[in-house]
Amino acid sequence: MASNLTERLSRLVKTMRGQSRITESNVQDMLREVRMALLEADVALPVVRDFIARVKDKALGQEVVSSLTPGQVLVSIVQKELSATMGEGVSDINLATQPPAVILMAGLQGAGKTTTTAKLAKHLIEKRKKKVLTVSADVYRPAAIEQLKTVTAQAGAEWFPSAPDQKPAEIAAAAIDHARRHYFDVLLVDTAGRLAIDEALMAEIKALHAQLKPVETLFVVDAMQGQDAVNTAKAFKDTLPLTGVVLTKLDGDSRGGAALSVRQITGVPIKFAGVSEKIDGLEVFDADRHAGRVLG
Ligand code: GDP
C-alpha cells in the first residue's frame, strides 16, 4: 500500500495532541484517511462505505477515558472494526457429519478451484488424518477432469473418474456411492466454472448442492480480482448457502483488500488462503494477521 492506514492515522493522531476530546472534525478527518487507505488496498467501494458508516457511528458520541488521547481512541475504533469485519482468528473445515463429508467447491474458471481441491485434499490427509476422494463434475472441459486426476495424485488422495458425456448429477451420485462403499471420510467435488457468472452454471451448481447436501460449500476466489471479486462473491452467495471462502493467489496480491470485501459480502469466514501454485501452497487463513496486513 502506498501510504498505509497506520501511517495515515498516526499522522492524524499527531495533529490531535493536546486535545482532550474528540471533535466532529477529528472524526471527519479520520474517516477520510480510512477511506483513502481502504480504497488504496483495493477494497470495493460499497464495502468501504459500510465500513466508514460503522466507524462513524462508533466514533461520534465516543467518550474519551482519561488514560487515552482522542487520537488513540479513534485508532482503536478503526482497528476493532477492521477485526470485526475480517472475522477473528482461524476457522478450519467442518467435518462434523456422517461420513463421507462432502465439500463442494464453487467459483469462476481460473479462480483456482481444481488446484485448491487437491491442496485441500492434502491438508485433510496430513492435518486431519482423513481418507479423501476427489471427483470433477466439470463436464465441459475434459482437461479439467485430467488436471484434477494429476493434482489429486500429487496430493496423495484418491480420484474418482468422470467423463464429459456424463451429467454432473450422475457423477455426483456415483462418487458419493463409491465414497460410502469404500469408507472415505471426505468427498471433495470440483465443479465447472465459467469465465463470467452464468445462469446455467449457477442453476447447475445449485442442483448439485441440493443433491449432495455438502457440509461445506466453499467459494474459491482469486485475490487478485480485487474489486471484481465482490460481484462474483455476491452472485455465488445469492445462489448457494456458502460456508466458507478460499482466497487464492494471495501471493500475488500486495494490497489485501479483496479479503475484506469478500468477507463482508459473503458473511462467511475465509478459511484458507492459496499462497503458491504448488500442492502445499495452502494456508489456514488467519484473519487477525490479515487485518494487520491491511492496516500496514
Ligand atoms: P480453476 O479453473 O478454478 O479450476 O483454476 P485452476 O485450479 O486451474 O487454477 C488456475 C491457475 O491459477 C493455475 O495456473 C494455478 O496454478 C493457479 N493458482 C491456483 N491457486 C494459486 C495460488 O494460490 N497462487 C498462485 N500463484 N497461483 C495459483
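Around the ligand in this predicted model there are 17 residues, and the ones that come nearest are Gly110, Lys113, Thr114, Thr115 and Asp251. Sorted by chemical character, the shell around the ligand splits into eight polar residues, six charged ones and three nonpolar ones. As for where these residues come from, helix α5, which runs over residues 113-126, supplies the largest share of the shell, with four residues.

Two of the nearest residues, Thr114 and Thr115, also turn up when polar contacts are looked at. In Thr114, a polar atom of the side chain lies 2.7 Å from an oxygen atom of the ligand. For Thr115, an N or O atom in the side chain is 2.5 Å from an oxygen atom of the ligand. Ser276 does things with its backbone instead: a backbone N or O atom of this residue lies 3.4 Å from a ligand oxygen atom. Taken on its own, the ligand has 590 Å² of accessible area, and the protein covers 81% of that. The place where the ligand sits is the largest pocket.

Then there is the stretch that a database record picks out. According to an unreviewed UniProt entry, residues 269-282 carry the annotation "domain: SRP54-type proteins GTP-binding". How much of the span 269-282 is helix, and how much is strand? In the model, the span is 43% strand and 0% helix, and its end C-alpha atoms lie 16 Å apart. Ser276, whose backbone N or O atom lies 3.4 Å from an oxygen atom of the ligand, has a number that falls inside the annotated range of 269-282.

Note on methods: Residues numbered from 1 in each chain as written. Predicted model: local features only at pLDDT ≥ 70, side-chain atom pairs only at ≥ 80, totals over all residues. Heavy atoms only, no water. Near = heavy atom within 4 Å. Polar contact = N/O pair within 3.5 Å; in protein donor to acceptor, adjacent residues only side chain to side chain. Areas by Shrake-Rupley, 256 points an atom, 1.4 Å probe, with all protein chains shown as cover. 1 Å grid on protein atoms, 1.4 Å probe; cavity = no way out; pocket = protein on both sides within 12 Å on 5 of 7 lines; lining within 4 Å. Sits in = over half its atoms within 2 Å of the grid points. Helix = DSSP H or I, 4+ residues; strand = E, 2+ residues; numbered from the N terminus. Nonpolar A, V, L, I, M, F, W, Y, C, P; charged D, E, K, R; others polar. UniProt positions renumbered as here; feature names shortened; annotations may be inferred.
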